[in-house]
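I opened this model to practise looking things up one at a time. My notes are in the order in which I worked.

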Amino acid sequence: LSFSYDSLYFLVWRESDTSLTLLAKDYEPIPVFAAGLLARSSAMTFVCHDDRQNLQFFQYAPGDAAARGGNKLVSRADIHLGAQTVSIESHVCRSSLLVNSATPASTMAALKSQDTLFGRHEDDQRIGVHFGTSDGGVGSVLPISERDYWRLAALQSVMANALDSDCALNPRAWRLYRRTPRRGGCRNNDRRKGVIDGDLVIKYCDLSTLEQEDLASAINSTMDDILDTLVELRCSGMIV
């Protein structure tokens, strides 16, 4: 549950007495305009958009020391979106093998016959979110594996340094979490980061082959691995 004056609340429905029970909440007084749900296998993350055009990601982790005994939602990541939205919707992330197939049903049957575990891996059970912005943009946020995250994080770092940015603006500074001006807001000054800037890394596809090879070599990876990861991200973000 998101609240326009008091951040997020995590409630659970109890069938026994038909009531809602509060499990945890975010104690920072942040105005939340929209909220959604991300998931990868059994891991669930709450995403919210605030009045400063940030996206914040929270998890219910009662065993974490920062959870105050399980009563507090733990902040895991944040990023400055730079646009306003009032609605965040969830969608199922699809594999590129299915998205690019003319007959998805038969393709799914063939893949399952070749691999009995297809569809049961963590990357096959992902829920992302998509949203529209007040300036006419459309965006999505997707959960990815730790291996893909560190590969793209390294690529993002070298691209931010190696490529010329528009108007000499720093993409890393632009994506830093903007703190709220409200009294008592954001008492914790730590920025979590932890989110890949898709607008930046997707530019890798538009570079020349020589530049792609140089950047891949700089992060001890290969051009094919990076392009495969970006293709999967593109397909996972498709909602139609």
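The entries below cover helix packing, salt bridges and a few single residues in this predicted model.

**Entry 1: helices α3 and α7**

I began with two helices, α3 (residues 146–162) and α7 (residues 223–236). Two packed helices are described by an angle and a distance, both taken between their axes. For α3 and α7 I noted an angle of about 110° and axes 11 Å apart. Angles of 65 to 115 degrees count as roughly perpendicular, so α3 and α7 are roughly perpendicular to each other.

Next I asked which residues of α3 meet α7. On the α3 side I listed D148, R151, L152 and L155. On the α7 side I listed D225, I226, T229, L230 and L233. Sorted by class, the contact of α3 with α7 has five nonpolar, one polar and three charged residues.

**Entry 2: helices α6 and α7**

I stayed with α7 and turned to helix α6, which covers residues 209–218. The angle between α6 and α7 is about 100°, and their axes are 9 Å apart. That makes this pair roughly perpendicular too, by the range of 65 to 115 degrees. From α6, the contact uses T209, Q212, E213 and A216. From α7, the contact uses M223, I226 and L227. I sorted the residues of the contact of α6 with α7 and got four nonpolar, two polar and one charged. I226 of α7 is on my list for α3 and on my list for α6.

**Entry 3: salt bridges**

Side chains of opposite charge can pair when their charged atoms come close. How many salt bridges does the model have? The count comes to six. I looked up some of them.

I took R14 and D17 to begin with; the closest N and O atoms of this salt bridge are 3.7 Å apart. R14 is partly exposed at 38% relative accessibility, and D17 is partly exposed at 39%.

R76 and D64 form a salt bridge with an N to O distance of 3.2 Å. Where in the chain do R76 and D64 lie? R76 is in strand β7 and D64 is in the loop between β6 and β7, twelve residues apart, so I wrote this down as a pair that links distant parts of the chain. R76 is partly exposed, with 35% relative accessibility. D64 is partly exposed as well, with a relative accessible area of 24%.

R147 forms a salt bridge with D148, and the closest N and O atoms are 3.6 Å apart. I then checked whether each partner is buried or exposed. R147 is exposed at 59% relative accessibility, whereas D148 is buried at 13%. Salt bridges with shared partners join R147, D148 and R151 into one network. D148 and R151 also appear in my list for the contact of α3 with α7.

**Entry 4: K25, a charged residue without a salt bridge**

K25 lies in strand β3, residues 19–25. It is buried yet has no salt bridge. Which side chain of opposite charge is nearest to K25? It is D6, at 4.6 Å. A salt bridge needs a nitrogen and an oxygen within 4 Å, and D6 at 4.6 Å is the nearest candidate I found for K25. Leaving out residues up to four places away in sequence, K25 touches L8, Y9, N71, K72 and L73.

**Entry 5: two serines with positive phi**

S7 has a phi near 60°, a positive value in a residue other than glycine. S7 lies in strand β2 (residues 7–14) and is buried, with a relative accessible area of 0%.

S41 also has a positive phi, of about 60°, although it is not a glycine. S41 sits in the loop between β4 (32–40) and β5 (43–50). At 32% relative accessibility, S41 counts as partly exposed.

**Entry 6: S75 and G69**

I looked up S75 in strand β7, residues 74–80. S75 counts as buried because its relative accessible area is 16%, and the cut-off is under 20%. S75 touches Q56, F57, F58 and R192, not counting residues up to four places away in sequence.

Last came G69, in the loop between β6 (54–59) and β7. G69 is exposed, with a relative accessible area of 70%. I also noted the separation of the C-alpha atoms of G69 and A153, which is 32 Å. These two residues are 84 residues apart along the chain.

Notes:
Residues are numbered from 1 along each chain as its sequence is written. This is a predicted model: local features need pLDDT of at least 70, side-chain atom pairs count only at pLDDT 80 or more; totals for chains, interfaces and linings use all residues. Side-chain values use heavy atoms; hydrogens and water are left out. Axes are lines fitted to C-alpha atoms, for helices over the stretch in contact, and angles run from 0 to 180 degrees between N-to-C directions. Helices (H or I, at least four residues) and strands (E, at least two) are DSSP runs, numbered from the N terminus. Angles under 35 degrees count as roughly parallel, over 145 as roughly antiparallel, 65 to 115 as roughly perpendicular and the rest as oblique. Contact means heavy atoms within 4.5 Å. Ala, Val, Leu, Ile, Met, Phe, Trp, Tyr, Cys and Pro count as nonpolar, Asp, Glu, Lys and Arg as charged, and the others, Gly among them, as polar. Buried means under 20% relative accessible area, exposed over 50%, partly exposed in between (1.4 Å probe, protein chains only). Lys and Arg count as positive and Asp and Glu as negative; His and the chain ends are not counted.
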